[in-house]
Amino acid sequence: MILKQPLPQHARTIAISSATGGAGCTTIAVNLACGMKKLNPDRNTLLVDGQYPFGTVQQFLELSSPVSRVGFPLPVDYAAYETADLDRLLMTSTSGVKVLPAPPYPIADYATSLTKPDVIARRLQRDANPFDIIVVDVGTNLDRSTTAIVSQAYALVIVLNQTPASVNGTRLALEFFSAAGVTSERMHLVLNKATKGQGIVDLNTIPHLFKREITSLIPTADATLLDTALLRGQPIVEMPGDSEQSPQKELMALAADLYGRLRE
Ligand SMILES: Nc1ncnc2c1ncn2[C@@H]1O[C@H](COP(=O)(O)OP(=O)(O)O)[C@@H](O)[C@H]1O
Ligand SMILES: [Mg+2]
């Protein structure tokens, strides 16, 4: 793909969200960004942690930054997140994906005011031009910033599992996003941690419940694979081994599918 004129930021943005925590949003976001980079190494790819104040993207990736994956301090203070050069905020993963961590929101203010400013949307508006692909891990965070990003993104992935809470939450999420202006063809249901058996909610009934197809079914990963990936700070799609193995295969297929839609 040759981008002569940069597409508007939203036309290069994929948002990953879910109705319930723990569904696998961050896992999917990290692996999509790294999977797209693997398929298109020349594409400048940005992964944004939009789940705050409790973002976890950094814990999934070994990042070239003095910030430890398992500790403090946060990379910058809150004021700096708004004003610092983007280069000061970005970290680079071993795969070459640039990572914008979640803003280190002052917890005390957050807890008392419950108003979250739209810092992420503002930063992206200002600074997204050098990036060909922008993957935003929205998680369950729906504030002004992420709703603005989601409502304009060229693709919105909604991650769900086969639990009643996740299925019901996803039904509401589809209604919410639709009301926020996301058109049906931009929404993609990704069923993560799919179990081969029927699971708590039967796989076959899910498309009927939502009256739409599941874009991708990501099987439950082997615990050893996940542990090793986390220990190394490496995305699943870059773990050594057979690329035909699940869930690497399904994650790469999803990355290829969503990248293909960007080119349309
Ligand atoms: N396909 C999968 N198979 C098995 N475990 C998974 C899979 N996807 C995610 N997980 C695990 O589920 C947990 C929650 O994942 P995470 O991506 O942090 O969810 P979320 O961001 O939605 O809260 C993590 O321990 C992660 O390793
Ligand atoms: Mg998460």
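Which strand is Lys193 found in? Keep that in mind while you look around; the tour will get there. One thing to know before you start clicking: this is a predicted model.

**The whole chain**

Show everything as a cartoon. You're looking at 264 residues, of which 42% are buried. The chain has 11 helices and eight strands. If you turn on contacts and keep those with a separation of 6 or more, 77% of them link residues 24 or more positions apart.

**The sheet**

Now select the strands. They make an open sheet of eight, in the order S3-S4-S2-S5-S1-S6-S7-S8, and the pairing is mixed. Strand S3 (91–92) and strand S8 (216–219) sit at the edges with a single partner strand each, so one side of each has no neighbour in the sheet.

**Strand S6**

Next, select residues 155–160, which are strand S6. How many of the residues of S6 are buried? Six of the six are, so S6 is largely enclosed by the rest of the structure. In a regular strand, side chains alternate between the two faces of the sheet. Try it here: Ala155, Val157 and Val159 are on one side, Leu156, Ile158 and Leu160 are on the other, and all are buried.

Add the neighbours of S6 to your selection. S1 is joined to S6 by five bridges, and the two run parallel; Ile16 has Val157 in S6 as its bridge partner. S7 is also joined to S6 by five bridges, again in parallel. Two pairs to click are Leu156 with Met187 and Leu160 with Leu191. To get from S6 to S7, follow the chain through helix H8 (residues 164–179); this β-α-β crossover is right-handed.

**Along strand S7**

Time to settle the opening question: Lys193 is found in strand S7. Select Lys193 and check its backbone angles. Most residues other than glycine have a negative phi. Lys193 isn't a glycine, yet its phi is positive, about 55°. Is Lys193 buried or exposed? It counts as buried, because 21 other C-beta atoms lie within 10 Å and the cut-off for buried is 20 or more.

Step along to Ala194, also found in S7. Ala194 is buried too, because it has 22 C-beta neighbours inside 10 Å. Leaving out residues up to four places away in sequence, Ala194 touches Gln162, Leu203, Leu217, Ile218, Pro219 and Thr220. Draw a distance from the C-alpha of Ala194 to that of Leu160: the two residues are 34 apart along the chain, but the atoms are separated by 9.3 Å.

**Ligand 1**

Now select ligand 1 and what surrounds it. There are 17 residues, and the closest are Gly24, Cys25, Thr26, Thr27 and Ala221. By class, the shell has six nonpolar, 10 polar and one charged residues. Helix H1 (25–39) and strand S7 (187–194) each supply at least two residues, and H1 gives the most, with three.

While H1 is selected, look at what it crosses: H1 lies across S1, S2, S5, S6 and S7, running at about 175° to S5.

**Two last stops**

Select Lys211, in the loop between helix H9 (206–210) and S8. Lys211 is another non-glycine residue with a positive phi of about 55°. Lys211 counts as exposed, because it has 7 C-beta neighbours inside 10 Å.

Finish at Pro247, in the loop between helix H10 (223–232) and helix H11 (248–263). Most peptide bonds are trans. The one from Ser246 to Pro247 is cis, with omega near 0°.

How values were computed:
Residues are numbered from 1 along each chain as its sequence is written. Chains are lettered from A and ligands numbered from 1 in the order in which they are written. This is a predicted model: local features need pLDDT of at least 70, side-chain atom pairs count only at pLDDT 80 or more; totals for chains, interfaces and linings use all residues. A residue is near a molecule or strand if its C-beta atom, placed from the backbone, lies within 6 Å of it. Helices (H or I, at least four residues) and strands (E, at least two) are DSSP runs, numbered from the N terminus. Ala, Val, Leu, Ile, Met, Phe, Trp, Tyr, Cys and Pro count as nonpolar, Asp, Glu, Lys and Arg as charged, and the others, Gly among them, as polar. Two strands pair if DSSP finds at least two bridges between them. Two residues are in contact if their C-beta atoms, placed from the backbone, lie within 7 Å. Axes are lines fitted to C-alpha atoms, for helices over the stretch in contact, and angles run from 0 to 180 degrees between N-to-C directions. A residue is buried if 20 or more other C-beta atoms lie within 10 Å of its own, exposed if 12 or fewer, and partly exposed in between; C-beta atoms are placed from the backbone. A crossover is right-handed if, with the strands pointing away from the viewer, the path from the first strand over the helix to the second runs clockwise.
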